[in-house]
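Work through the exercises below with the sequence and the 3D structure at hand. Try each task before reading its solution.

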Amino acid sequence: MNKNKKNIILIILILILVALLLAWQFNNKNNIELNDTSISEPENVKRPLLVGTAITEPFVYFNENGQLSGYDIQLMQAISENLGDEVEFIEMPFANLIPALENNNVDIIIAAIHITPERQNIVSFSEPYLNTGLVMVIDPNKTQMNRISQINNKNVGVKIGATGFDYTQKLLTEGYKFSLMEYKDTKSSFLDLGIGRVDVIFNDYINSEYLISETFNNLAIVRDQNDNVIFINNVGLGIAVNKSNQQLLDRINTALEKNNIYKTIPFFNEK
């Protein structure tokens with residue numbers, strides 16, 4: 001074989017190698033692009049709605065399996081089915097609920113939250129799903145009360161961030177004289193009431209009735225001389241969202257209309 005033929009064969013081999021290298025690079029680039037596409041897909045997956053809540057029996061509590069349960073949990077789950085969204089509950093102290101919503105750490109809050117003008121200035125509430133009110137709770141064996149004016153010189157217990165706390169601040173500005181003890185949860189205040197550390201508690205009516213019927217049988221809601229419960233106010237319970245999320249609020253209200261049976265479901269002694 002002469003020298004020219006050898007050179008031609010060598011050139012052909014080089015061209016074949018170059019073609020194979022280019023083909024390999026092209027296929028590898030396509031594989032990378034396909035892999036990139038599969039990685040980006042989870043960004044389009046719809047995340048669950050984050051629901052902030054707080055222990056407030058019978059609305060929210062941990063059941064025997066350590067899972068959140070109760071009236072509000074069941075209601076929110078029913079609403080989520082109507083919304084077509086999954087929900088993820090985040091339990092926290094009651095006082096942290098509204099700040100968490102303001103900071104967009106959660107999408108929704110529900111925990112027997114009283115709808116008040118002060119709170120409506122901060123967050124947006126749904127239509128009320130239950131009616132309740134603020135009451136006083138005492139140990140009748142230790143304290144006799146049948147009107148608010150008897151609060152003077154008493155030790156008063158309230159849950160931080162609750163309407164009971166707000167009401168005691170109003171009483172103090174009006175000149176009433178009493179000592180205030182603040183609690184992260186209602187049950188702790190009831191325990192202190194039972195041992196005489198406080199004389200009276202301001203708390204939600206339904207929550208108080210439930211705790212008394214289930215655990216604190218020695219305690220009682222303050223009644224007037226005609227044995228009628230003294231309601232300091234009458235309020236509705238609402239589900240709240242961030243003020244910037246009107247669309248979600250509209251969807252929740254529509255779902256509440258479909259689940260209006262929850263306005264009449266008796267829940268005492270169903271735990």
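**Exercise 1. Find the acidic partner of Arg251 in a salt bridge, and state where the two residues lie.**

Solution. Step 1: apply the criterion, a side-chain nitrogen of Lys or Arg within 4 Å of a carboxyl oxygen of Asp or Glu. Arg251 meets it with Asp85, as the closest N and O atoms are 2.7 Å apart.

Step 2: place both residues. Arg251 belongs to helix α8 (residues 246–258), while Asp85 sits in the loop between α2 (71–83) and β4 (87–91), so the pair ties together parts that are 166 residues apart in sequence. Helices (H or I, at least four residues) and strands (E, at least two) are DSSP runs, numbered from the N terminus.

Step 3: check accessibility. Buried means under 20% relative accessible area, exposed over 50%, and partly exposed in between (1.4 Å probe, protein chains only). Asp85, at 7%, is buried, and Arg251, at 32%, is partly exposed.

A note on the source: this is a predicted model, in which local features need pLDDT of at least 70 and side-chain atom pairs count only at pLDDT 80 or more, while totals for chains, interfaces and linings use all residues. Residues are numbered from 1 along each chain as its sequence is written, and side-chain values use heavy atoms, with hydrogens and water left out.

**Exercise 2. How many salt bridges does the structure hold? Describe the one formed by Asp192.**

Solution. Step 1: the total is seven salt bridges.

Step 2: Asp192 pairs with Arg197, with 3.3 Å between the closest N and O atoms. Asp192 is buried at 9% relative accessibility, whereas Arg197 is partly exposed at 48%.

Step 3: for another case, take Arg223 and Asp227, whose side chains meet in a salt bridge at 4.0 Å, N to O. Arg223 is partly exposed, at 32%.

**Exercise 3. Which side chain of opposite charge is nearest to Lys159, and how far away is it?**

Solution. Step 1: locate Lys159 in strand β8 (residues 155–159).

Step 2: look for a partner, counting Lys and Arg as positive and Asp and Glu as negative, without His and the chain ends. The nearest is Asp204, 8.1 Å away; Lys159 is buried yet has no salt bridge.

Step 3: list contacts (heavy atoms within 4.5 Å). Beyond its neighbours within four places in sequence, Lys159 is in contact with residues including Thr56, Phe94, Phe165 and Asp185.

**Exercise 4. What lines the largest cavity?**

Solution. Step 1: define the term. On a 1 Å grid over the protein atoms alone, a cavity is a set of points where a 1.4 Å probe fits but cannot get out, and lining residues have an atom within 4 Å of a point. Two cavities of 30 Å³ or more are counted.

Step 2: the largest has a volume of about 120 Å³, a volume being the space filled by probe spheres set on the points.

Step 3: its lining has 16 residues; His114, Lys159, Ala162, Thr163 and Asp204 lie nearest its centre. Strand β10 gives the largest share, three residues.

**Exercise 5. Is Leu219 buried or exposed, and which residues does Leu219 touch?**

Solution. Step 1: Leu219 is found in the loop between α7 (205–214) and β11 (220–221). At 4% relative accessibility, Leu219 is buried.

Step 2: leaving out residues up to four places away in sequence, Leu219 touches Val137, Phe190 and Ile212, among others. The C-alpha atoms of Leu219 and Asp139 are separated by 4.5 Å, although the two are 80 residues apart along the chain.

How values were computed:
1 Å grid on protein atoms, 1.4 Å probe; cavity = no way out; pocket = protein on both sides within 12 Å on 5 of 7 lines; lining within 4 Å.
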